[in-house]
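Here is a short briefing on one protein model. Keep the structure open and find each residue as you read.

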Amino acid sequence: MKTIRAPLSFFLIAVLLFFPFRILQIISLLYLAVLGVSFALSRLAAGSLVVRRHDLLLRAHRFDPLQIVLTIENRSPLPIPGVSLIDTIGPLFSREPGKFVIRLRPWEKRRISYTIESQHRGEYSVGPAALLGSDPLGFFPWRQSYGEVERLIIYPEVLPLRLPLSTGLPAGNVRSQDRLYEDLTRYRSLREYVPGDDARKISWKVSARLGSLHTMEYVPFLFAPVLILMNMNAEDYPFRFRSLWVERSTVLAASLVMHFFSLGQEIGLIASAAVKGERGLPVARISGAPGHAAAILEMLARMDVSRGPGDFTRLLYASGVDIPVRTHIKVITPLLTDAQHAFLREVKQKGNAVELFLMGGDALAPRELLTREFPLFVVSEYGNELIDH
């Protein structure tokens, strides 16, 4: 149609100007008028429609649905009989077609939404959106692109864990059975004195009134800062199913973050990994500040293996993260060399609790030797049960 329309228009203009046959001139004039009106309506529609995104940044966990919301507005006094809205979702998955045919009244604003999800963690973008339309007769089709792009951060999947805290520092917010962690601000009861009780807990007023020594009891609560140390050196993972185990490592790290965050503990992370578009290693100080857990999850979402050689355990002190005494250090790795084993032993001797999470099913590390010195968990290959207790 487009290739025919231009020569036909020139021919009709020639007829209108040079052939004095009224009927032909009227037909030519009507056709040219229809073309002019159609062109004007096409340009008006293309210029009066605006598409905006409701959000420019969304965050979700892997497999969680995300709602993409767009607003299309007709800023003209004329109706738009039909226009197609197409959004670009790239590698993301949507059960809906992502293409909408919309009719708009004068000055009408319409909200369009659809749901997507990602089967992989990472950083993605949705957009730009495009509108396709034409004049009512279809003479002048047009396509308009709208540059807003929506950024999506897809966190690793988070699975439930059963990892009770039994050691740490006193006066925290995790209930303990060990009287060593009694919180003097949380009074529980009064009982008769038992030899060996701390003399500072004797209630002398009550003892004088009752004629025998009585000790005050308090509810024990402990505080345990947690630091996750991840081995993300590609060469340390077995070549077969490497990507599977690396992904499982990030799932475990994310699950540890959310588990201890739910217990009200401070959390930090050090990983021998690369982050696309950034220099340096991903490091998060130990903190319980609002939003800190989400920042670590975002770091895990964008993390990739490191191709260079290096001893990931040495990052504990080379990273600059302040490690309080009695910090719980969760080490995620497929193997440990003798030097790394010796280094972690020194870290433990400095008063920290070191726990190992070995990747790779039949883990490559010498399990019998390690279990004598560290609590050890073997990470399962698949399923919702991350670790074998």
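Val251 counts as buried, because its relative accessibility is 3%, below the 20% cut-off for that label. Val251 sits in helix α4. The model is a predicted one.

**Around Val251**
- Leaving aside neighbours within four places in sequence, Val251 is in contact with Pro156, Glu157, Leu159 and Leu386.
- Val251 and Arg121 are 130 residues apart in sequence. In space, their C-alpha atoms are 9.6 Å apart.

**The overall picture**
- The protein has 8 helices and 22 strands.
- It holds 389 residues, and 47% of them count as buried.
- Take the contacts between residues at least 6 apart in sequence: 70% of these join residues at least 24 apart.

**The largest pocket**
- A general point comes first: rolling a probe the size of a water molecule over the atoms shows where empty space is left.
- The largest pocket has a volume of about 420 Å³.
- Its lining is made up of 16 residues. Arg121, Gly122, Ala301, Met303 and Asp304 lie nearest the centre.
- Which element supplies the largest share of the lining? Helix α4 does, with 4 residues.
- Strand β7 (122–126), helix α4 (242–262) and strand β18 (303–305) each supply at least two lining residues.
- By type, the lining has 9 charged, 4 nonpolar and 3 polar residues.

**Helix α5**
- Is helix α5 largely enclosed or not, and why? The helix spans residues 292–301, and 8 of its 10 residues are buried, so the rest of the structure largely encloses it.
- The buried residues of α5 are His292, Ala293, Ile296, Leu297, Glu298, Met299, Leu300 and Ala301.
- Ala301 of this helix is also one of the residues nearest the centre of the largest pocket.

**Aromatic pairs**
- The structure holds 4 aromatic pairs. Two of them are described here.
- Phe100 and Tyr114 form a tilted pair. Their ring centres are 6.1 Å apart, with 40° between the planes.
- Phe100 belongs to strand β5 (residues 99–104) and Tyr114 to strand β6 (residues 109–116), so this pair ties together parts 14 residues apart in sequence.
- Phe100 is buried, with a relative accessible area of 18%. Tyr114 is buried too, at 1%.
- Phe357 and Phe377 form a stacked pair. Here the centres are 5.0 Å apart and the planes differ by 20°.
- Phe357 lies in strand β20 (residues 353–358) and Phe377 in strand β21 (residues 376–379), so the pair links parts 20 residues apart in sequence.
- Phe357 is buried at 0% relative accessibility. Phe377 is buried at 13%.

**Two glutamates in loops**
- Where is Glu373? Glu373 is in the loop between α8 (367–370) and β21.
- The side chain of Glu373 makes a polar contact of 2.7 Å with the side chain of His341. It makes another, of 2.8 Å, with the side chain of Arg345.
- Not counting residues up to four places away in sequence, Glu373 touches His341, Arg345 and Lys348.
- Glu117 is in the loop between β6 and β7. Is Glu117 buried or exposed? At 14% relative accessibility, Glu117 counts as buried.
- Setting aside residues up to four places away in sequence, Glu117 touches Phe63, Asp64, Pro65, Leu92, Phe93 and Arg95.

**Backbone points to look at**
- As a rule, most residues other than glycine have a negative phi, and most peptide bonds are trans.
- Trp107 has a positive phi of about 65°, although it is not a glycine. Trp107 lies in the loop between β5 and β6 and counts as exposed, at 56% relative accessibility.
- Phe241 also has a positive phi, of about 60°, and is not a glycine. Phe241 is found in the loop between β14 (226–230) and α4. Its relative accessible area is 44%, so Phe241 is partly exposed.
- Which kind of peptide bond joins Gly127 and Pro128? The bond is cis, with omega about 0°. Pro128 has its place in the loop between β7 and β8 (129–133).

Definitions and conventions. Residues are numbered from 1 along each chain as its sequence is written. This is a predicted model: local features need pLDDT of at least 70, side-chain atom pairs count only at pLDDT 80 or more; totals for chains, interfaces and linings use all residues. Side-chain values use heavy atoms; hydrogens and water are left out. On a 1 Å grid over the protein atoms alone, a cavity is a set of points where a 1.4 Å probe fits but cannot get out, and a pocket is an open set with protein on both sides within 12 Å along at least five of seven lines; lining residues have an atom within 4 Å of a point. Grid points are joined across faces, edges and corners, and a volume is the space filled by probe spheres set on the points. Ala, Val, Leu, Ile, Met, Phe, Trp, Tyr, Cys and Pro count as nonpolar, Asp, Glu, Lys and Arg as charged, and the others, Gly among them, as polar. Buried means under 20% relative accessible area, exposed over 50%, partly exposed in between (1.4 Å probe, protein chains only). Rings of Phe, Tyr and Trp (its six-membered ring) pair if their centres lie within 6.5 Å; planes under 30 degrees apart count as stacked, over 60 as edge-to-face and the rest as tilted. A polar contact is a pair of N or O atoms within 3.5 Å; within protein, one must be able to donate a hydrogen and the other to accept it, and residues adjacent in sequence count only if both atoms are side-chain atoms. Contact means heavy atoms within 4.5 Å.
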